[in-house]
Amino acid sequence: QLQLVESGGGLVQPGGSLRLSCGASGFTAGYYAIGWFRQAPGKEREGVSCISSSGGSTYYADSVKGRFTISRDNAKNTVYLQMKSLNPEDTAIYYCATLWRPILSVAEATRWGQGTQVTVSS
């Protein structure tokens, strides 16, 4: 079964950190760019960060630049999103998705994970 599985979400205080993981099974994630997206209650899904298939290029939404870092380990078939200095505006369900090219576009995502909840609250 071809799937992406996110993990690492949870409840964290403002200013805290989390690391999300996106594991691929049933296919080789290294053939694809991978994006992280998020959707807050009542809002549209938005792109957060993406990484090229080799890991050589990374892109970030302005709202997370300098705070989030995307990386990948193709030997482990896994992509990570390290999140620091979290604030309540980062609260959302975070999804990873495969992309044919590294672009922060929901429309270009081809396969989605089920999502992991991140809640930033004191």
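Which residues do ring pairs link into a cluster? In this predicted model, the cluster consists of Phe-27, Tyr-32 and Trp-100, joined through ring pairs. The structure contains four aromatic pairs by the rule applied here. A pair of aromatic rings is described by the distance of the centres and the angle of the planes. For Phe-27 and Tyr-32, the ring centres are 5.8 Å apart and the planes meet at 80°; because planes over 60 degrees apart count as edge-to-face, this pair is given that name. Phe-27 and Tyr-32 are both buried. Phe-27 has a further partner of another kind, since Arg-111 lies over the face of its ring, at 4.6 Å from the ring centre. A similar arrangement involves Trp-112: Arg-45 lies over the face of that ring, at 4.5 Å from the ring centre.

From these side chains the reader may turn to the strands. An open sheet of four strands follows the order E1-E3-E8-E7, and the pairing is antiparallel. Strand E1 (3-7) and strand E7 stand at the edges; each has a single partner strand, so one side of each is left without a neighbour in the sheet. From one strand to the next, the twist averages 15°. E1 and E3 run antiparallel and are joined by five bridges. Leu-4, for example, has Ala-24 in E3 as its bridge partner.

Another set of pairings centres on strand E5, which spans residues 46-51. This strand is mostly covered, with five of its six residues buried. Strand E4 (residues 33-39) runs antiparallel to E5, and five bridges join the two. Within this pairing, Gly-35 has Cys-50 in E5 as its bridge partner. The hairpin of E4 and E5 has six residues between the strands, and in this hairpin Gly-42 takes a positive phi near 75°. E5 also pairs with strand E6 (residues 58-60), again in the antiparallel sense, over three bridges. Here Ser-49 stands opposite Tyr-60 in E6. The hairpin of E5 and E6 likewise has six residues between the strands, and its Gly-55 takes a positive phi near 90°.

What fills the interior can be considered next. In soluble globular proteins, nonpolar side chains tend to be buried together. In this model the largest nonpolar core has 27 residues, and those with the most contacts inside it are Trp-36, Phe-68, Leu-81, Met-83 and Tyr-94. Several strands contribute to this core: E3 (18-25), E4, E5, E7 (68-73), E8 (78-83), E9 (92-99) and E11 (116-120) each supply at least two of its residues. The largest share, four residues, comes from E3. A second core, separate from this one, has six residues, including Phe-37, Cys-50, Leu-99 and Ala-109. Cys-50 has thus appeared twice, as the bridge partner of Gly-35 and as a member of the second core.

Charged side chains complete the picture. Side chains of opposite charge can pair when their charged atoms come close. The count comes to five salt bridges by the rule used here. In one of them, the side chains of Arg-38 and Asp-90 meet at 2.9 Å, N to O. This pair links distant parts of the chain: Arg-38 belongs to strand E4, whereas Asp-90 lies in the loop between E8 and E9, 52 residues apart. Arg-38 and Asp-90 are both buried. They also belong to a network of salt bridges that links Arg-38, Glu-46, Arg-67 and Asp-90.

Are the partners in another salt bridge, Lys-65 and Asp-62, buried or exposed? Both of these residues are exposed, and their side chains meet at 3.2 Å, N to O. A further salt bridge joins Arg-101 to Glu-108, with the closest N and O atoms 2.5 Å apart. Why does Arg-101 count as partly exposed? The class of partly exposed residues lies between the cut-offs of 20% and 50% relative accessible area. Arg-101 counts as partly exposed because its relative accessibility is 46%. Glu-108, at 26% relative accessibility, therefore counts as partly exposed as well.

Technical notes:
Residues numbered from 1 in each chain as written. Predicted model: local features only at pLDDT ≥ 70, side-chain atom pairs only at ≥ 80, totals over all residues. Heavy atoms only, no water. Buried < 20%, exposed > 50% of the residue type's maximum accessible area, 1.4 Å probe, protein only. Pairing = 2+ DSSP bridges. Core = buried A, V, L, I, M, F, W, Y, C linked by side-chain atoms within 4.5 Å. Phe/Tyr/Trp six-rings, centres within 6.5 Å; stacked < 30°, edge-to-face > 60°. Lys NZ or Arg CZ within 6 Å of the ring centre and 35° of its normal. Salt bridge = Lys/Arg side-chain N within 4 Å of Asp/Glu carboxyl O. Axes fitted to C-alpha atoms, helices over the stretch in contact; angles between N-to-C directions.
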